[in-house]
Amino acid sequence: MAFVATLFFVSGLVFVVVRVLPGDPALLIIGPEGSPEAAARLREALGLNRPIPLQYVEWLTNALQGDLGVSLQYDLPVGRLIASRLPVTLPLTLMAALFMAATALPVGLYAARRHRRAGDYLAMAVSQIGVAVPGFWAGLLLILLFSVHLGWVQSGGFAGWSTGLWPGVRSLLLPAVALGLFQAAVLVRATRSSVLDVLREDYVRTARAKGVSELSVIGKHTLRNALIPIVTVAGVQLGQLMAGAIILESVFALPGLGRLALGAITARDLPVVQGVTLFVASSIVLINFAVDLLYVVLDPRIRYD
Amino acid sequence: MRHFGSLRPLAALALGLLVSPAAGAAQNLVVQSATEPPGLDLTATPASATAVVVFYNVQESLVKVDRHGKIVPWLAERWHTSDNKNYTFFLKRGVRFHNGRELRAADVKFVIDRAMNPETKHPYPGYYAAIGDIIVKDDYTITFTLKGTTANFLLNMARQGSVVYPREAVDTLKSEPIGTGPYKLAEWVRGDRIVLVKNPDYHVKGLPKLDRVTYRFIPDPNAALAALKAGDIDAAMFGLGPEHVPELQKDPRFQVIIGETTNDVIMSMNNSRKPYSDVRVRRAITHGINKPEVVKGAMFGLGTVLGTNVDPLNPYFVDMSGAMPYDPGKAKKLLAEAGYPNGFEAVLRVAPQYYYTVRTGEVLAAQLQKIGVRIKIEQVEWGQWLSRVWKDAEYELTIIGHAEAWDIANYANPKYYFRYDNADFQKLFTESEITVDHKARRELYVRMQKKLVEDAPVVWLYIHPRLAVTKKGVQGIWQDLPLPAFDLSEVAWAK
C-alpha cells in the first residue's frame, strides 16, 4: 500500500514540477533559429496547451495500463527506451555495489580491529580521500591512467553484451569503480564505527573470555550484529548509486538510464522524465523493501506483522 | 584490446596499422559528437547535432553550398532563370534514393510543398514563403514561380530544411532518414552511437571515400580528449574547446584544423528596456569592450573579432571590427550624457550549456566594471534561456552564438529578442531581399552594416572558430563551415 502511495505521490510531484519549470519542449525542439509560429503549432500538437490535471489523468490512465507514452526526442515508446538502457545501468550499479561491499566491509572491519593503530589511521586517511574526490574527477583520472597511459581498457562507450560477457564487463569496470568509490569510502566509515560499537559489547568480551576463536568472535558475534546499521547505510547508498550514474554515464559516454534522464530533462522530454523517475522511484522503494526483509534475516527478533 | 607490459609496443604497432589503413583496407572513421541528435528529421528540427550527421551525408538538396561558400548545382545539374521570378531546375538523371528508387521532380515538389504546409511544423516556413507555384514539367524538370523577386531563393533551397527525401519514407524521417546522400544510415543506438555506411550507388563518381562513419556521443570534453589520446576516436569535430588546442598542436599524432564559421557570438542588449533603449548607452557599452582581449581571455586567442552581424564567409562581409573601437573614456562620456555618470548595475543572463557564454561573460564583466557598468552574471539552464530570454525577452544582457548563416533578417524583426526596431534598417533589409544584382545588393548590405554599427543594438564580439582535431592522416575535412554542415563525402585516410 505504502509502495503504491509513494509512487503515486512521486509521479504527481514530478508531473507538476517538470511542467511548472520554465522551459518549453516545443521551443527546445524548434530551437532559437526556428520560427515562434512553428513552435506554437508544435506545442499545440504535443498537447501541452491543455490543463495540467487533465494531462496528468490521461498519463496516469495510460501508465496504469503499462503505456508510459512516447518520447518527444526519440519518437519511441518510453518503456522500450528504459528497457534498452537497463543492460547498462543495472550491471553498472550492481558492479559498483559489489566494489563498494567488497572493499568497504573488509577495510572497515580491519580498521575497527586495529582501532587507533597505524592500520586504522591509514584506512581512515584513504577513505577520507575517497569521500573528498568527486566521482567524475575520479572517472577522468581512471581514464587517463588505464586508457590513455596503459591502454588496458576503452576510454568510454559500451561494447554491448552481444559481443560477449567480458567486453561488456570491461566497458563497465572503470565507471563502476569511479561510481562506487565515494560510497565505498562512506561505507568503510559506517562499517568501522558499527563494528567498534559491537566490539565493546559485553557478549563479545564474554565470548573472548570463553576462549572462542577470534574468527568466530568476529564472524559470528560481531559482524552479524554490526550488519544492521551497515545494511541500512548500504541500502540508502544503492539509491545514491543510481543517482551518481547520471554523471558517470556522461563521463564514460555510456548509454544508460542516467544519461537518458539527463538528456530528457535538458530537452524537456516530459514523457521520458516521467517514466524514468517512476522507474527509479520504484527501484528505490523495492531496495528499501529488500533491506527491511534483510533485517529479519539478520536479526530474528525483528518481526513484521 | 588486452595487453600488458612487454606487449605494449606490439599493441601500439597494431594501433598504428589501424589508424592508417593500408590501401584496399576498409576505410572507417570514428567521430566524436558532443550532443546526440534530438531526432534525424531535418525538416522538423534546426538542431546542429542533426545537421552534423544527416545534412550532405545522408540527405541532400537541389543545390549545395560548397566548402568555399559558393552555391553549386547538386541534385539539380543546372538551373535557369530569366526574370529572377521563375526558376527551372533540371535534375541529374539516375540519382537513386537509398531505397533504390530513382529521384524524380515529383519528389522535389512533394518535399517543398510539405515544407510550406504549416501543418507539418517545419522549423523554417519563412524560407519558402516567397514560393507561389511549383510545376513539374517532366520527371527531371521542375519550375518554381515566386510571388516576387527573392534574392535568397537559391540559398534557401540549399539549406538543411530543403533536403529531398522520398515520399514513401516521410513517416520515418525522425529515426531512419532516407536520402540520396553518400552515406546510408546503418544504425542508431540511442544514447551511444550512429553508424553510417557507404552508399555504393552514390551519384558522384568516386565518392564517398570512407566505408563507414561512426558518430560516438561523448558529451564531456575531457572524456573526448582522453578518447582521442587513447585512440578510441579518430576525430573530434565540435567537442573540444580552444583550451585543448595548444596541447594538441604540439602532439605529432594529431592535426588541428582551425577555420571560420558563421557562428557570431554576440552580447545582446534588450533594446526595449531602460537603459538600453538609449542608443548612447548601447554605444558606451560597445566602446567599453576590448574585443581582442575578450578573444584572448575567453577563447585562447582563437576567433575572429567581429564588427557587425555579417561574418567573413559571407560575400557581403565588410570588416567593421575597428568601427567602434575600445575607448573607455568615450564610453564614460556617453554614459554621463545619457544620465548615468556613475554607471549602473546590470544582469547578464547566460546559458552554460554553451561553454563560451560564461567565460566571455566573465571577461566582459571585468571590462565593463571599468566604465561603471557593474555586471552580475546569472546562469540559467538552456530550456529556461529559450523561454525567458529568446521567447519572452525577459533579460537585460545576454551572450549567445548565432550559428545560422545569412541571419541579418533577425535585426529587421522587432519581435526578435533583441527588440531592435528601426524603420530605416527594416526598409534597407526589405530592399536587399528583392535586389538580385550583386553589386547593388552588396551596396545595400554595406549600408545595413553601417546602420547596425551606428545603432549598436547588440555587441558583435567574435566568430566562434571552427575547431576540429583529427588523427594525422585524415584528409578532406572542410576547414571553414559556410553553413552549419559537416560534409564527410570527400574525407579519407591518407594512403
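**Two chains, a bent helix and a sheet**

Good morning. I begin with one residue pair: in strand β10 of chain B, the bridge partner of Gln32(B) is Arg216(B). What we are looking at is a predicted model, and this pair leads into the strands of chain B.

Gln32(B) also stands opposite Ala236(B), a residue of β11(B). Let us now consider the strands themselves. β1(B) and β10(B) pair in the parallel sense, over 6 bridges. β1(B) pairs with strand β11 of chain B, residues 235-236, in the parallel sense as well, here over 2 bridges. For those new to the subject, strands of a sheet pair through backbone hydrogen bonds, either parallel or antiparallel.

Is strand β1 of chain B enclosed or open? Of the 6 residues in this strand, which covers residues 28-33, 5 are buried, so the strand is largely enclosed by the rest of the structure.

Chain B also offers an antiparallel example. An open sheet of 4 strands runs in the order β4-β5-β7-β6, with antiparallel pairing. Its edge strands are β4 (76-80) and β6 (131-138), each of which pairs on one side only. From one strand to the next, the twist averages 20°. Within this sheet, β5 (residues 86-91) and β7 (residues 141-146) of chain B pair over 5 bridges in the antiparallel sense. One position to look for is Thr88(B), which stands opposite Thr143(B) in β7(B). Helix α3 of chain B, residues 105-116, packs on the sheet and touches β5, β6 and β7. The direction of this helix makes about 165° with that of β6(B).

Before leaving chain B, I draw attention to two cis peptide bonds. One joins Leu207(B) and Pro208(B), with omega about -5°; Pro208(B) is found in the loop between β9 (193-198) and β10 (212-217). Another joins Lys274(B) and Pro275(B), with omega about 0°. Pro275(B) lies in the loop between β13 (264-269) and α7 (279-287) of chain B.

I turn to chain A and its helix α10, residues 214-251. How far apart are the end C-alpha atoms of this helix? They are only 44 Å apart, although the helix has 38 residues and a straight helix would reach 56 Å at 1.5 Å a residue. Along its course, α10(A) bends by about 45° at Leu223(A).

After α10(A) comes Ala253(A), with a positive phi near 50°. This residue is in the loop between α10 and α11 of chain A, and such a positive value occurs here in a residue other than glycine. Ala253(A) counts as buried because 28 other C-beta atoms lie within 10 Å, where 20 or more are required. Arg268(A) likewise has a positive phi near 50° and is not glycine. Its place is the loop between α11 and α12 (270-298) of chain A. Arg268(A) has 26 C-beta neighbours inside 10 Å, and therefore counts as buried.

Finally, how do the two chains meet? In the model, 45 residues of chain A are in contact with 45 residues of chain B. On the side of chain A that touches chain B, at least two residues each come from α2 (25-30), α3 (36-45), α5 (78-113), α7 (135-149), α10 and α11 (257-266). The bent helix α10(A) is thus among the contributors to this side. By class, the side of chain A that touches chain B has 23 nonpolar, 15 polar and 7 charged residues.

Thank you for your attention.

Note on methods:
Residues are numbered from 1 along each chain as its sequence is written. Chains are lettered from A and ligands numbered from 1 in the order in which they are written. This is a predicted model: local features need pLDDT of at least 70, side-chain atom pairs count only at pLDDT 80 or more; totals for chains, interfaces and linings use all residues. The expected span of a helix is 1.5 Å times one less than its number of residues. The bend at a residue is the angle between axes fitted to the seven residues ending there and the seven starting there. Two residues are in contact if their C-beta atoms, placed from the backbone, lie within 7 Å. Ala, Val, Leu, Ile, Met, Phe, Trp, Tyr, Cys and Pro count as nonpolar, Asp, Glu, Lys and Arg as charged, and the others, Gly among them, as polar. Two strands pair if DSSP finds at least two bridges between them. Axes are lines fitted to C-alpha atoms, for helices over the stretch in contact, and angles run from 0 to 180 degrees between N-to-C directions. A residue is buried if 20 or more other C-beta atoms lie within 10 Å of its own, exposed if 12 or fewer, and partly exposed in between; C-beta atoms are placed from the backbone.
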